[in-house]
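Subject: The structure we talked about

Hi there,

Here is the structure I promised to send over. Please open it alongside this message and have a look while you read.

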Amino acid sequence: MASAALICDSEPWKDLKEHVNAIEKKHLRDLMNDVERCQLMMVYDISFGIYRCQYRDRWDTFGLFTARVRLDTIGKLLKLAEVAAQLRQKIDMMYNGDHINSTENRSVLHIALRAPRDKVICSDGKNVVPDVWYVLDKIKEFSERVRSGSWVGATGKALKDVVAIGIGGSFLGPLFVHNALQTDPEAADCARGRQLRFLANVDPVDVARNISGLNPETTLVVVVSKTFTTAETMLNARTMREWISSALGTQAVAKHMVAVSTNLMVNLYFSSQNKWTRLGEKSWSVWYSTSDLYHAIDVAVVSDHFMISSVLVEKFGIDPANTFAFWDWVGGRYSVCSAVGVLPLSLQYGFPIVEKFLNGASNIDNHFYSASFERNLPVLLGLLSVWNVTFLGYPARAILPYSQALEKFAPHIQQVSMESNGKGVSIDGIPLPFETGEIDFGEPGTNGQHSFYQLIHQGRVVPCDFIGSIKSQQPIYLKGEVVSNHDELMSNFFAQPDALAYGKSPEQLLQDSVPDHLVPHKTFSGNRPSLSLLLPSLDAYNIGKLLAIYEHRIAVEGFIWGINSFDQWGVELGKVLASQVRKQLHLSHTKREPVQGFNFSTTTLLTRYLEVEPGTPSDSTMLPRV
């Protein structure tokens with residue numbers, strides 16, 4: 001995808017490195033007091049309904065407020081993107097379905113998951129949008145049947161509770177959207193009487209908490225696993241299968257469990273006189289490339305007489321008709337718009353609500369592809385992140401939503417960002433002489449103000465993303481109060497970026513009659529970068545837009561740095577070592593074999609663990625007692 005040359009060897013990069021010296025001489029309070037500069041940065045974009053003061057100032061519906069950049073800094077960053085990084089070419093390659101995930105030889109097409117029906121987006125020469133909509137239509141039909149009560153459990157009771165099993169991208173994205181929609185009036189009305197829970201951690205405590213208060217008769221379990229082999233997910237799935245079958249019998253599994261998977265080994269069935277006959281097992285790639293049986297990777301009734309199903313899903317006991325596909329060109333952390341998120345969210349809120357979320361994300365997809373870089377929101381945000389991380393040397397980013405509904409947004413973006421851009425080599429495998437990626441963390445305001453804002457105001461410099469909304473999902477007004485609850489919240493949203501930017505000098509403190517011995521402790525240096533995003537509201541559509549802005553922003557960062565933002569080899573080594581420990585624990589529990597083959601520290605810890613935790617005999621079953 002890219003030449004072996006590193007971007008740090010380009011002239012635009014070197015120019016920016018020199019430019020840092022000039023920026024160091026300017027304080028943000030001086031830049032913010034330059035009215036002409038701020039006016040030149042404003043633009044009104046009616047397609048978003050947003051009023052923007054770009055770069056390091058404030059926008060209205062979307063706002064930006066960052067530090068230590070001049071107008072010529074933006075020009076230099078744009079030159080870096082256009083000339084050195086060839087950003088336009090890389091965006092085109094992504095949208096054209098080129099295999100930009102070169103280490104796994106895959107397209108990167110999460111944009112296709114929310115594309116309109118008539119859109120043409122190809123991977124390996126085939127338009128994938130019809131496949132996407134086949135699955136979406138199937139989810140719509142299935143979720144409507146469950147929600148209406150026409151699909152019932154093994155005992156005839158309606159399935160009103162859903163437990164979605166998955167980890168990483170199969171969990172964090174859907175959880176973020178679920179939490180964001182819970183208090184949206186329209187979505188909440190559609191979810192009345194229903195529950196959606198997420199089981200991710202293999203810790204048995206997570207199982208216990210998720211099944212607490214649930215009745216197997218009214219519970220539907222969605223197993224989300226790209227390969228249907230992920231250790232933690234499949235152990236949790238087997239645990240939930242045991243919970244259901246121990247209460248309702250093994251035959252109930254097919255009524256109470258469904259799957260989302262990309263597993264590529266399939267069974268082929270032929271139907272005659274309403275009876276399915278298994279014809280054999282094939283690799284899906286054979287059928288995909290040589291026949292018209294292409295509607296879905298894992299499961300599809302592809303005509304009146306043929307059906308394919310995942311081998312592992314079917315062996316698990318899940319009805320082949322109840323498997324929902326997604327594809328290997330969807331990275332896990334980018335999969336919330338696939339069946340991974342759409343299925344459980346549609347079961348909770350109904351497909352029409354989720355479709356609005358998809359449409360919001362699609363709106364940003366179109367903007368990212370078509371807008372000029374000077375007016376392109378994800379591009380500008382991505383460039384500013386590169387500026388903060390690589391040129392100004394700020395390694396972290398705080399994501400601070402002033403909305404409790406977005407409490408799970410930071411954990412999701414933490415994965416999307418750190419798993420995508422936490423790389424030490426270029427896309428060509430060359431070690432990088434500069435830092436990439438951001439250490440992401442966050443907490444909703446104003447909670448964070450009473451937690452870690454001390455550090456970001458007077459300790460380390462941490463660029464901050466402030467996210468707020470003009471309208472509250474659940475407004476409260478109390479007679480006699482100076483402002484509403486939402487106004488109180490947003491007062492802090494507007495004040496914090498100013499405090500970070502301007503700070504408070506010793507001279508100002510002395511004018512306020514602060515005692516001399518307290519002046520050093522109460523001094524705020526200011527000059528701390530932040531940006532502010534102000535959304536009109538937090539409905540499903542705008543939640544989709546927010547997600548896509550960050551997805552594309554993170555991709556832009558990777559494109560500029562010249563890394564592969566779409567693989568994640570860093571998660572593999574720990575898994576391999578864990579399998580060795582798992583084998584040792586099994587041998588020690590069942591055959592009393594001593595711990596061996598590990599270093600002294602690990603051997604000592606494992607031995608101590610086995611002394612205290614003898615384990616459960618392999619021939620018995622024990623479920624949480626909640």
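Below are some notes on the whole chain, followed by a few places to look at.

First, please keep in mind that this is a predicted model. The average pLDDT of the protein is 88, and 85% of the residues reach at least 70. Two stretches call for care when you read them. Residues 43-61 stay under 50 in pLDDT, although the model gives them 87 contacts beyond four places in sequence. Residues 278-308 also have a pLDDT below 50, with 94 contacts in the model beyond near neighbours in sequence.

Now the overall picture. The protein has 626 residues, of which 53% count as buried. Its secondary structure comprises 24 helices and 17 strands. If you take the contacts between residues at least 6 apart in sequence, 74% of them join residues at least 24 apart. About 27200 Å² of the protein is exposed, and carbon and sulfur atoms supply 53% of that area.

Next, helix α14. How many of the residues in helix α14 (339-349) are buried? Eleven of its eleven, so to speak from end to end of the helix: the buried residues begin with A339, V340, G341 and V342 and also include L343, P344, L345, S346, L347, Q348 and Y349. After α14 comes G350, which has a positive phi, near 90°.

Then there is D184, in the loop between α7 (172-181) and α8 (185-190). D184 is buried but has no salt bridge. Which side chain of opposite charge is nearest to D184? That is K356, 7.4 Å away; because a salt bridge here requires the charged atoms to be within 4 Å, the pair does not count as one. Leaving aside residues up to four places away in sequence, D184 touches Q473, L538 and D539.

Finally, a spot on the surface. L573, V576 and L577 make a nonpolar patch of about 280 Å². V576 belongs to helix α23, which covers residues 572-591. Is V576 buried or exposed? Neither quite: V576 counts as partly exposed because its relative accessibility is 44%, and the partly exposed class runs between the 20% and 50% cut-offs. As background, an α-helix has 3.6 residues a turn, so residues three or four places apart point the same way.

Happy to go through any of this with you over coffee.

Best wishes

Technical notes: Residues are numbered from 1 along each chain as its sequence is written. This is a predicted model: local features need pLDDT of at least 70, side-chain atom pairs count only at pLDDT 80 or more; totals for chains, interfaces and linings use all residues. Side-chain values use heavy atoms; hydrogens and water are left out. Patches are made of residues with over 30% relative accessible area and no salt bridge: like charges are joined within 9 Å, nonpolar side chains (Val, Leu, Ile, Met, Phe, Trp, Tyr) within 5 Å. Accessible areas come from the Shrake-Rupley method with a 1.4 Å probe; for residues, only the protein chains shown count as cover. Helices (H or I, at least four residues) and strands (E, at least two) are DSSP runs, numbered from the N terminus. Buried means under 20% relative accessible area, exposed over 50%, partly exposed in between (1.4 Å probe, protein chains only). Lys and Arg count as positive and Asp and Glu as negative; His and the chain ends are not counted. Contact means heavy atoms within 4.5 Å. pLDDT is the predictor's confidence in each residue, from 0 to 100.
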